[in-house]
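Me: I'm new to this structure and would like a close look at one part of it. Could you pick a good starting point, stay with it for a while, and then show me what surrounds it?

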Amino acid sequence: MHMKRVAPIENDAEQGEDGPDGPAGHSPLAGLYDIARACDHPGPAMSWRHFTASVRSGSGGERAEAWVARDGGRINGGHVDGGEDDGSQVGGEQIDGDQVVGGYVLHFPQDDNTHLALLRLMTHPGRRREGIGGALLDHAVGRARDEGRRVLIVEAPADGPGTPFAKARGFSPASTETRLVLHLRTADWSGLELLRARAVRHATDYSLERWAGPTPDELLGDMAHLTEGMNDEPLGDLAMEDQRWTADRVRAREEMLTRAGQRTYTVIARHTASGEPAGFTQLVVDAERPEGWARQGATTVLAPHRGRRLGLVLKLANITWFRACEPSVERVITWNSVANPYMLAINEAMGFEVFDTWHQWQLDI
C-alpha cells in the first residue's frame, strides 16, 4: 500500500464532465470521494462539487490537503514514510492492484488555532480491520507534525466504527453534539407562527434583515462582528481558541461555499435605536443537489442582546422564509452541543427531533 497526495480541483472548469453528480473518471480524488460516500452516515451527503471544494480549503479559511492510500507497493512494519507521491509504503506484504482503499483530508487553520489540525479519515467499508485506518492515521499525524501542529481533532458518530477506532488510538473525548432534524412537510406551521408571535413581543426593539447568497459588501463588517459571537459556543474540552473574524475572512468563507455549490439564507437582528447588529442565523442548502436536505448553519445572539428570545425569533423567521424559497427541501438538520441547553430548548420548541449523536476527539501529537 502506498500514499499519494491528491491535488485539489482549482475551479469548476477543471471538473470537465464530472459536474455535480460525481466524478466521471477514476482519479485518486474520485476514488476518495467514492469512499466518502460509502462511509456517509445517514443525513445529507456531500456532493462531488462540495467535496472537491473541501479538499481545496475549509469553510473557515483553513488550508487543506488530501491523501489517498492505494493497493500496490510493499508494506513495511506498519510505518508510513514519505512526501508527496513518493511511493511511501506500509505493512509487510505485496498487494496487487492500484485501487484507492482509503484516505484523509487535513485542514490547517491559518488565522487562529494554528496549533490544530482537523482530520477527516476514511477507509473503504469493505477493507476495514486490515490496518489501513491505522496507517492513514500515522501518516496524518506525521503531516500534522511537519506543519508544526500539536493537536489533532476528529469527529465520529457515537454508533459508528470511528468511535472505537479513536479510543483504541489514544484519542480523548472532547465534546459531544446531537444532530436534530426538523421535518418541513409535517411541521406544525400554525403552531410555529404562534410561537414566533409570542417571541416577537420580547424583541420589539429589534428589526430583521435578510438576504440569500453572499453578504452585501456594506454588511460584511457586521457579519464579522456577529460571527465572532460564535466564540461563546460551549466547546467542552476541545483545545480550541477563539476565532478572529474579519470582513475579508467572511468573504473568503462565502467564496468557498459558492465553489462548493452551496446557497445560504441569512437573517440578522439589528437593535433599532443604536443600529448595532445583535444576532444572526443561517441556513445552507446545496443549490444543485439538495436531495431533500438543508443544514442549519450558525446561530448566535451577542451577549448584550440576550434574554429577549432573539435566537428563537431569528430561527423562526429564517425557516419560514427558507421554506417558501426552497419547496423541494423536506428536512433541515442541525448540530447542537449537549452543553448548550438554551439552543437545544429552541430547537425542541420548533419541533426538531434527535437524529443521532456525534463525538469530537482530540489527540496530542
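Reply: Let's start with a cut-off: a residue is called exposed when its relative accessible area is over 50%, buried when it is under 20%, and partly exposed in between. Arginine 129 has a value of 88%, so it counts as exposed. Keep in mind that you're looking at a predicted model. This arginine sits in the loop between strand E4 (116-123) and helix H3 (132-146). Its phi is near 65 degrees, which is a positive value in a residue other than glycine.

There's another arginine with a positive phi, and that one leads us to the part I'd like to look at closely. Arginine 309 has a phi near 60 degrees, again in a residue other than glycine. You'll find arginine 309 in the loop between strand E10 (293-301) and helix H8. At 41% relative accessibility, arginine 309 falls between the two cut-offs and is therefore partly exposed.

Now step into H8 itself, which covers residues 310-325. What does H8 pass in a right-handed crossing? The partner is helix H9, made up of residues 341-350. The two axes come within 10 Å and cross at roughly 40 degrees, so H8 and H9 are described as oblique to each other. On the H8 side, the contact uses Gly311, Leu312, Lys315, Leu316 and Ile319, while H9 brings in Tyr342, Met343, Ile346, Asn347 and Met350. Sorted by class, that contact of H8 with H9 has 7 nonpolar, 2 polar and 1 charged residues. If you're wondering about the spacing along a helix, an α-helix has 3.6 residues a turn, so residues three or four places apart point the same way.

Stay in H8 a moment longer and look at threonine 320. Its relative accessibility is 32%, so threonine 320 is partly exposed. Leaving out neighbours within four places in sequence, threonine 320 is in contact with Trp189 and Arg196. Leucine 192 is 128 residues away from threonine 320 in sequence, yet their C-alpha atoms are 9.1 Å apart in space. Cysteine 325 is partly exposed too, with a relative accessibility of 35%. Another cysteine, number 39, is partly exposed at 26%. As for disulfides, the count is 0.

How does that packing look beside other helix pairs? Try helix H6 (residues 220-227) and helix H7 (residues 247-259): their axes come within 8 Å and cross at roughly 90 degrees. That makes H6 roughly perpendicular to H7. Here Leu220, Gly221, Met223 and Ala224 of H6 meet Ala247, Val250, Arg251 and Glu254 of H7. The classes in this contact are 5 nonpolar, 1 polar and 2 charged.

Then there's helix H1 (residues 28-39), which packs with helix H2 at about 115 degrees, the axes being 11 Å apart. H1 passes H2 in a right-handed crossing. From H1 come Leu29, Ala30, Leu32, Tyr33 and Ala36, and they meet Trp48, Phe51, Thr52 and Val55 of H2. This contact has 8 nonpolar residues, 1 polar residue and no charged ones. H2, running over residues 48-56, is mostly covered, with 8 of its 9 residues buried. Those buried residues are Trp48, Arg49, His50, Phe51, Thr52, Ala53, Ser54 and Val55.

For a contrast with the exposed arginine we began with, go to arginine 179 in strand E6 (residues 172-183). Its relative accessibility is 6%, so this arginine counts as buried. Not counting neighbours within four places in sequence, arginine 179 has contacts that include His41, Pro42, Pro44, Trp335, Glu353, Phe355, Asp356 and Trp358. Asparagine 336 is 157 residues from arginine 179 in sequence, with their C-alpha atoms 6.2 Å apart.

Finally, zoom out to the whole chain. It has 365 residues, of which 50% count as buried, and its secondary structure comes to 9 helices and 12 strands. Among contacts with a separation of 6 or more, 75% are between residues 24 or more positions apart.

Terms used. Residues are numbered from 1 along each chain as its sequence is written. This is a predicted model: local features need pLDDT of at least 70, side-chain atom pairs count only at pLDDT 80 or more; totals for chains, interfaces and linings use all residues. Side-chain values use heavy atoms; hydrogens and water are left out. A disulfide is a pair of cysteine sulfur atoms within 2.5 Å. Buried means under 20% relative accessible area, exposed over 50%, partly exposed in between (1.4 Å probe, protein chains only). Axes are lines fitted to C-alpha atoms, for helices over the stretch in contact, and angles run from 0 to 180 degrees between N-to-C directions. Helices (H or I, at least four residues) and strands (E, at least two) are DSSP runs, numbered from the N terminus. Angles under 35 degrees count as roughly parallel, over 145 as roughly antiparallel, 65 to 115 as roughly perpendicular and the rest as oblique. A crossing is left-handed if the near helix is turned anticlockwise from the far one by less than a right angle, and right-handed if clockwise. Contact means heavy atoms within 4.5 Å. Ala, Val, Leu, Ile, Met, Phe, Trp, Tyr, Cys and Pro count as nonpolar, Asp, Glu, Lys and Arg as charged, and the others, Gly among them, as polar.
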